[in-house]
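Okay, thanks for squeezing me in. Have a look at the screen and I'll talk you through this one.

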Amino acid sequence: MKCLKCNGKMRVTDSREKAHNVIRRRYECNKCKARITTVESIYINLSIDFIANKIKQISQHHIEEMDIEIKQKIKNILKQVNLQK
Ligand SMILES: [Zn+2]
């Protein structure tokens with residue numbers, strides 16, 4: 001990690017798990033003593049196929065109970081997935 005002010009080398013002064021798989025780190029610049037905090041977490045990239053498969057797992061009964069706007073969005077996603085195949 002490089003300092004945003006002087007581009008000097010920074011060292012970790014504190015590191016702790018804030019929540020499950022979320023880590024907060026505090027850095028201090030060795031040169032100008034500027035401090036920054038970073039939050040590290042896992043980035044999950046959900047593909048449209050993955051989301052569509054999850055939706056398909058919801059029973060038709062539940063889909064019928066959803067409001068029209070949500071139903072239309074689901075139909076559009078399913079249509080897009082089918083077009084890709
Ligand atoms: Zn600095």
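I'll start with the overall layout, then go through the sheet, its two turns and one residue in a helix.

Two bits of housekeeping. This is a predicted model, so local features need pLDDT of at least 70 and side-chain atom pairs count only at pLDDT 80 or more, while totals for chains, interfaces and linings use all residues. Residues are numbered from 1 along each chain as its sequence is written.

So, what is the chain built from? There are 3 helices and 3 strands, and by those I mean DSSP runs, numbered from the N terminus: H or I over at least four residues for a helix, E over at least two for a strand. Going along the sequence, the pattern reads β-β-β-α-α-α.

Next, burial. I call a residue buried if 20 or more other C-beta atoms lie within 10 Å of its own, exposed if 12 or fewer, and partly exposed in between, with the C-beta atoms placed from the backbone. On that count, buried residues are 4% of the 85 in the chain. As for contacts, two residues make one if their C-beta atoms, again placed from the backbone, lie within 7 Å. Take the contacts with a separation of 6 or more: 30% of them are between residues 24 or more positions apart.

Now the sheet. Strands of a sheet pair through backbone hydrogen bonds, either parallel or antiparallel. Here we have an open sheet of 3 strands in the order β1-β2-β3, and the pairing is antiparallel. β1 and β3 are at the edges with a single partner strand each, so each has one side without a neighbour in the sheet. On average, neighbouring strands are turned by 20° against each other, ignoring direction; the axes behind that are lines fitted to C-alpha atoms, and angles in general run from 0 to 180 degrees between N-to-C directions.

When I say two strands pair, I mean DSSP finds at least two bridges between them. β1 and β2 have 8 bridges. If you want to find the register, Val 12 has Tyr 27 in β2 as its bridge partner, and Ser 15 sits opposite Arg 25 in β2. Between β2 and β3 there are 6 bridges, and there you can look for Ile 23 opposite Glu 40 in β3.

On to the turns. Most residues other than glycine have a negative phi. So which residue in the β1-β2 turn has a positive phi? That's Asn 21, at about 65°, in a hairpin with 2 residues between the strands. Asn 21 is exposed because it has 9 C-beta neighbours inside 10 Å.

The β2-β3 hairpin has 5 residues between its strands, and in that turn Lys 33 has a positive phi of about 70°. Lys 33 has 11 C-beta neighbours inside 10 Å, so it counts as exposed too.

Last stop, the helix. Asn 82 is in α3, which covers residues 68-84. Buried or exposed? Exposed, because Asn 82 has 9 C-beta neighbours inside 10 Å. From Asn 82 to Ala 52 is 30 residues in sequence, and their C-alpha atoms are 9.9 Å apart in space.

That's my lot, so over to you for questions.
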